[in-house]
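Me: I've got a model open and I'd like to learn how to read it. Can we go through some features one by one?

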Amino acid sequence: MRRLDGGTIRDLTLDGVRADAGTSTNGWIGTVAVIATNATITGTSVKNAQLTATSAEKVGGIAAELHNGTIDDNLVTGSLSAAKMPAGIAAYVNQNSQVRHNLAAADLTVAAPGGDGGTRGIDAGLIVGYPGTPNGSAFTGNVALSGSIAYQGRADGFVGRVIGYTGYDGWTAENNLANAAITIAGQPVTGPGAKNQHGTDATAEQLAQRTTYEGLGWDFTNAWRWDDAAGHPVPQYTQALFGSGTAEQPYEIGSPEDLEHLTAQLNAGNARYTGDKHFVLTADLDFAGRQPFGGINRFEGVLDGAGHTISGLVYGPQESAGGEADRLGLVRRLDGGTIRGLTLAGVTADGGTRAGFVAGLAVVATDATLTGNTVLDAKLTATSAEKVAGLVAELRGGSVSDNWVRATVSADKMPAGLVSYANNGVSIRDNLVEADLTVAADGGANGTRGIDAAHVVAYPGNPGSGSSYTGNVALSGTIAYQGKIDGFAGRIVGYTGYAGWTAQSNLASGAITIGGDPVTGPGTKNQHGTDTAAEALARQATYTALGWDFAEKWSWDAQAGHPVPKYVSSAEAPNRIATTFYGDPGTQRAFTWYSTLDTSGAAVLSTDREFPEGSATVTVEAQREDSEDGESFFRAVARDLKPGTTYYYRVGDAEQQVWSATGTFVTAKGGQEDFTFIDLTDTQSQNLAEAELSAQTIAKALKHVPDAEFVMHNGDVVEAGDREQDWKDLLDSARPSLLKTTFAPAPGNHDAHKNAFADHFTLEGPQDQDRSAGVYYSYTYNRAHFMVLNTNEGGAEGISGKQLDWLKADAEAARDAGATWLVLVMHKGTYTTANHLDDGDVMAMRRTLVPVIDELDIDLVLQGHDHVMSRSKVLAADPGGVQGARPVETTKITEVRNGKRVEYAVDPKGTIYFLPNTAGAKHYTQATNPQGWSWSRTCGCSTAPVSRRARTSRRSTSPPTASR
């Protein structure tokens, strides 16, 4: 494959591959993939390959280039020749890639001479030839088994048994082994070398022992087998669930056989699946007619039912569970794990005369989360067992929320519709229960602790401190019980003897009977809940009043006459939500969001956070469009809003009852009111970790500037505008913050791919402009007028004549309308102090744009692009000045605020050019060495002179300081 974008290739053998690029200089060769981006290649064998590209730069036994991907558990043998960068596994690797547990036995040839001092870009390694930049990659546990590297030039730092070039920082090479007999330029080398580039020396005898590889952590259960004839490991194929077990790529369960396979592997302790792995159902599973399901002994991960149903399960014992073999349920022990969005229909379990607890979902759950699940028409019986429950027999810490259970449950002592026993600060809230319960044991005239029953929790145990049972509804059912009811059997809670727990705001149908008779709520410690008529329980408003979430957690089923759990996938739920200015900030807002729902969308706005029906709440229909990436997204524009008003909003779909979380914004008051806003730039995230870093920065900025009325972004929202995952990572990671404010972005060069910017932000601006590379627009916020430029559409001149004409007309109109301040926002800044200060288009804008800025008397220019903090002096255009500008004399005022000296000028007659550092991980180096012109006199801001030639950059892993 030429491009493997986000895909996976695994368990493939390519034997005897031949490739010859001839004299082509662009003919890179990668046996599996030429360029792999955000991709995974695993378990693949490339045997006896002969790959030649003596005029082309890169040849890799697995991939020529790897960007932010994973190559693990692969074998390569053969001969590889390239003009500059041959490598046994990957010629070039950057970003946050993982290259681990690969085996290479190859002869490499570098056609170009490296020279006595070595040459960056002429490099080779049996694992990786060239770790590029930026790079946070890890090269771990690989083995260079045998081979040679034909090369002329300096080896140290350029050619290695494991890694070639070592000049860039950020990556690590650890626990790699190499056969000491491998030669470079005909001579053996000694490990580990610079940055461990040669790996640890190993003998042929050591590399012929399985224990050597086991010591590196190689997986001989799932990934490798020992080949006695070859004398080394080879990749092995084993049945496996599709996926990698991460939140982004969960293991997929698409059939009853998949679930049975997973159960067997978990119960056998297979490390591929144990621990905090993620799993998702991809289809409904029908177990009717199959053998009894023995259950998962222990589960610590995340099981996402994704709204799918498992039907016809019959629980049976599991011999591998030892002393817990008689406990019946989908999971015997749910330890710190999560089960969500799963429906079990028609599950049955009969413990007979055995004493093992029985549960519809998890027998014993410890510090676990069960949410959004449905157990329907379950029949669970164990008349010799102490505890049987529709959902969980024992809950020891954790939470149970937003589940629906309809079941028939019988136990010797503690049957419950939801949970038999709970302690250790549990939270059980907003659950719906319909259950017929039977207690086999006699509670006696005075009641017996431990012989208890309830629809929600039969027995709140000790310690019960901090446990809360809130907002639950016992919808219907009966409790067959003999003995004292008060304090022992209840519609909501059974035993009430222990202190520390609370039961509040729970409702119960007055028709539910205990011991054949109805009871009156709320009872001791609210054990029966509030008496509620059937008519009230058939109204959505009853549940809304309890605080049930009908935006994300529940749907109203009109036919059933009660709520049902709602499963909304992350793709269906509104995502990549952006709230932007659209014309007048006092009366209008625009909303953009993505969703896979094939229906009409809408934005609902209200001045009341409860969204009541009436004049306070309005619905704005959305326009559905297809993005350049082929996804569905929606735009809505709210008009006729009231200035100076707090609005709450949701976006989504009324028909499907799928809504976003509630967002909020405040419309501009207008007039002469002062206001505060946050200005940041260049989040430019290229993966989830960097997106989360930028999201932290935005959140901290809003926390420290709580009165900020909007967030301005000076461009480069993402690293690659044509890579939709970048937009997902950044906008969804920052969603909690973006839902609290209005976002005012400028397009950056990294956002400039076709329609990428316009597909994520709905902005007004001139309607006749070309929006394919960005949008230019303006708005007046109180007495300040903001003009946002698109520095992507001017070519070599930076800004087109058409956009300059618009800027002049717009600024003059704003002044005529009474604007006191003019603020220009643009990504490519004319006066900055780092990598881009002498770019051609930037220098062109000093000739074409700066005179216009001066002519229009623009007060402040907010910039991006250069990833440093810089602020100019007050400047005026001057063709004879330094780079087209000169400092303006100002009257400085000095004050001491909070012990700090502050200098400022009031309405100076010129323009300040400001760049607020970076809100992302990528930082540039402040420029030095002015090389002939006095840049520092113009900027007057950096701690060192300014450079015209510095081109270095780095990415950090800690949040930068937010700027405003």
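Reply: Sure. Keep in mind that this is a predicted model. Let's begin with Asp11, which is found in the loop between β2 and β3 (13-15).

Me: What is the phi of Asp11 near, and is the value positive or negative?

Reply: Phi of Asp11 is near 55°, a positive value in a residue other than glycine. As for its surroundings, Asp11 counts as partly exposed because its relative accessible area is 34%, and that class covers what falls between 20% and 50%.

Me: Which other residue should I look at for this, and where does it lie?

Reply: Go to Asn175, in the loop between β22 and β23 (177-179). Its phi is also positive, near 55°, and again the residue is not a glycine. Asn175 counts as exposed, because its relative accessibility is 54% and the cut-off for exposed is over 50%.

Me: Both loops follow a strand, β2 in one case and β22 in the other. How do I read the sheet those strands belong to?

Reply: Read a sheet by the order of its strands in space, then ask which ones sit at the edges. Here there are 6 strands in an open sheet, ordered β2-β7-β11-β15-β19-β22, and the pairing is parallel. At the edges are β2 (8-10) and β22 (172-174), each pairing on one side only. On average, neighbouring strands of this sheet are turned by 5° against each other, direction ignored.

Me: How many bridges join β2 to β7?

Reply: There are 3, and β7 (residues 40-42) runs parallel to β2. For a single position to look at, find Arg10, which stands opposite Thr42 in β7.

Me: What does an antiparallel pair look like in this model?

Reply: Try β27 (residues 224-227). It is joined by 4 bridges to β28 (residues 232-235), and the two run antiparallel. Together they make a hairpin with 4 residues between the strands, and Gly231 in the turn has a positive phi of about 75°. Within the pair, Trp226 has Pro233 of β28 as its bridge partner.

Me: Is Trp224 in that strand buried or exposed?

Reply: Trp224 counts as buried, since its relative accessibility is 0% and anything under 20% falls in that class. You can also check a distance along the way: Trp224 and Tyr213 are 11 residues apart along the chain, and their C-alpha atoms are separated by 9.9 Å.

Me: Where are the cis peptide bonds you wanted to show me?

Reply: Look at omega for these. One cis bond joins Thr133 and Pro134, with omega about -10°, and Pro134 lies in strand β18 (residues 128-135). Another goes from Gly191 to Pro192, with omega near 5°. Pro192 is in a loop, the one between β25 (187-188) and β26 (200-202).

Me: Now a helix. How do I check the length of α8?

Reply: Compare the expected span with the distance between the ends. Helix α8 (residues 801-816) has 16 residues, so at 1.5 Å a residue it should span 22 Å; the end C-alpha atoms are 23 Å apart, which agrees.

Me: Which residues of α8 are buried?

Reply: They are Gln803, Leu804, Trp806, Leu807, Asp810, Ala811 and Ala814. These residues are on the same side of α8, because they cover an arc of only 155° around the axis. Asp805 and Asp816 are exposed, on the other side of the helix.

Me: Last topic, aromatic rings. How many pairs does the structure hold?

Reply: It holds 48 aromatic pairs. To read one, take the centre-to-centre distance and the angle between the planes. For Tyr543 and Trp548 these are 5.0 Å and 55°, and the pair is tilted. Tyr543 counts as buried because its relative accessibility is 0%, and Trp548 counts as buried at 4%. Ring pairs can also join up: Phe581, Phe675, Phe677, Phe710, Tyr777, Tyr779, Tyr781 and Phe786 are linked into a cluster.

Me: And which charged residues sit over a ring?

Reply: Among them is Arg290, whose charged end sits over the ring of Phe287, 5.7 Å from its centre. Lys387 is another example, lying over the face of Tyr421 at 5.4 Å from the ring centre.

Technical notes
Residues numbered from 1 in each chain as written. Predicted model: local features only at pLDDT ≥ 70, side-chain atom pairs only at ≥ 80, totals over all residues. Heavy atoms only, no water. Pairing = 2+ DSSP bridges. Axes fitted to C-alpha atoms, helices over the stretch in contact; angles between N-to-C directions. Phe/Tyr/Trp six-rings, centres within 6.5 Å; stacked < 30°, edge-to-face > 60°. Buried < 20%, exposed > 50% of the residue type's maximum accessible area, 1.4 Å probe, protein only. Lys NZ or Arg CZ within 6 Å of the ring centre and 35° of its normal. Expected span 1.5 Å × (residues − 1). Arc of directions from axis to C-beta.
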